[in-house]
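Colleague: I would like to go through this structure with you, one question at a time. Please reason each answer out and finish on the value or name I ask for.

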Amino acid sequence: MVHTLPQQDLNFNAKPKKFVVWLFIVSSTIMFGGWTSYYIVFAASKGKGHGLVLPDVFTYSTAVLLLSSVFLYLSSRALRNNDKKLQQLFLWLTMGLGLVFGYLQFQGWTSLYNSGAVLINNNAAISMIYIVSGFHLIHIFVGICFILNALVGSYKEIPLEKATYRQDITSIFWHFIDILWIYLYVFLLLNS
């Protein structure tokens, strides 16, 4: 008996699928760019920014996110070297650090709230801190889903082309949200 692969496996083309990820990244960049532009216009019209000292936990969360990107890079390198166990280890570490980042964001919000900076108030600049960091946290959740997808692929016997595709889109998206957070954090620090 001759076994054949399904036609869809023979014609796997990652380019259109990667293009969709890039479209999502571009639309997210436009969305966050719009919010930061609004923040600048609001702050200029009122003559004030958010006027807060950002909690130190945001600095720690930034370091955690940077470290997670290093582990994701190492995971990609392990896949290129055909070392699945090492790839899986680094993917698990990346996902764990992504969850730690989310926890630290909640700690930052709690610290802001306890200092009197509530989400709904008469200073829209303060509200924007919650909005941009909250939507970034949603992106982190999506990134963790990408990591889970890459992890599942690393445990299954899927073709190398598909495993590489899963790792690539995970890396593209995760590094994007890393860069996005650095931009947002520096923006909020400079516009206080």
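**Cavity, helices and rings**

Modeller: A starting point is the lining of the largest cavity, where α2 supplies the largest share, three residues. Bear in mind that this is a predicted model.

Colleague: Which residues line the largest cavity?

Modeller: The structure holds one cavity of 30 Å³ or more. Helices α2 (15-46), α5 (124-155) and α6 (160-190) each supply at least two residues of its lining. The lining is made up of Trp35, Thr36, Tyr39, Met128, Val132, Phe187 and Leu188.

Colleague: How many residues of that lining are nonpolar, polar and charged?

Modeller: Tyr counts as nonpolar in this scheme, as do Trp, Met, Val, Phe and Leu. Thr is not in the nonpolar or charged list, so Thr counts as polar. The lining therefore divides into six nonpolar, one polar and no charged.

Colleague: What is the volume of the largest cavity?

Modeller: The structure has one cavity that reaches 30 Å³ or more. The volume of the largest cavity is about 30 Å³.

Colleague: Where does the UniProt record place its "transmembrane region" annotation, and how far apart are the end C-alpha atoms over residues 124-151?

Modeller: The unreviewed UniProt entry gives residues 20-45, 57-74, 86-104, 124-151 and 172-190. Over residues 86-104 the chain is 100% helix, with end C-alpha atoms 27 Å apart. Residues 124-151 are also 100% helix and 0% strand, and there the end C-alpha atoms are separated by 40 Å.

Colleague: Is serine 28 buried or exposed?

Modeller: Serine 28 sits in helix α2. Leaving out residues up to four places away in sequence, serine 28 touches His139 and Phe176. Its relative accessibility is 3%, and the cut-off for buried is under 20%, so serine 28 counts as buried.

Colleague: What is the relative accessible area of glutamate 161?

Modeller: Glutamate 161 lies in helix α6. Its C-alpha atom is 8.6 Å from that of alanine 14, although the two are 147 residues apart along the chain. Glutamate 161 is partly exposed, with a relative accessible area of 48%.

Colleague: How far apart in space are proline 159 and arginine 77?

Modeller: Proline 159 is in the loop between α5 and α6, and at 44% relative accessibility it counts as partly exposed. Proline 159 and arginine 77 are 82 residues apart in sequence. From C-alpha to C-alpha, their separation in space is 17 Å.

Colleague: Why does the pair of phenylalanine 71 and phenylalanine 90 tie together separate parts of the chain, and how far apart are those parts in sequence?

Modeller: The structure holds twelve aromatic pairs. In one of them, phenylalanine 71 and phenylalanine 90 are stacked, at 5.8 Å centre to centre and 20° between the planes. Phenylalanine 71 belongs to helix α3 (residues 56-80) and phenylalanine 90 to helix α4 (residues 84-114), so the pair joins parts whose distance in sequence is 19 residues.

Colleague: Are phenylalanine 71 and phenylalanine 90 buried or exposed?

Modeller: Phenylalanine 71 has a relative accessible area of 18%, and phenylalanine 90 has 12%. Both values fall under the 20% cut-off, so both residues are buried.

Colleague: What kind of pair do phenylalanine 173 and phenylalanine 176 form?

Modeller: These two residues, phenylalanine 173 and phenylalanine 176, are three residues apart in helix α6, which means about one helical turn. Phenylalanine 173 and phenylalanine 176 are both buried. With 6.2 Å centre to centre and 55° between the planes, phenylalanine 173 and phenylalanine 176 form a pair that is tilted.

Colleague: Which residues do ring pairs link into a cluster?

Modeller: Phenylalanine 173 and phenylalanine 176 form one aromatic pair. The cluster linked by ring pairs consists of Phe24, Phe146, Phe173 and Phe176.

Terms used: Residues numbered from 1 in each chain as written. Predicted model: local features only at pLDDT ≥ 70, side-chain atom pairs only at ≥ 80, totals over all residues. Heavy atoms only, no water. 1 Å grid on protein atoms, 1.4 Å probe; cavity = no way out; pocket = protein on both sides within 12 Å on 5 of 7 lines; lining within 4 Å. Points joined across faces, edges and corners; volume = space filled by probe spheres on them. Helix = DSSP H or I, 4+ residues; strand = E, 2+ residues; numbered from the N terminus. UniProt positions renumbered as here; feature names shortened; annotations may be inferred. Buried < 20%, exposed > 50% of the residue type's maximum accessible area, 1.4 Å probe, protein only. Contact = heavy atoms within 4.5 Å. Phe/Tyr/Trp six-rings, centres within 6.5 Å; stacked < 30°, edge-to-face > 60°.
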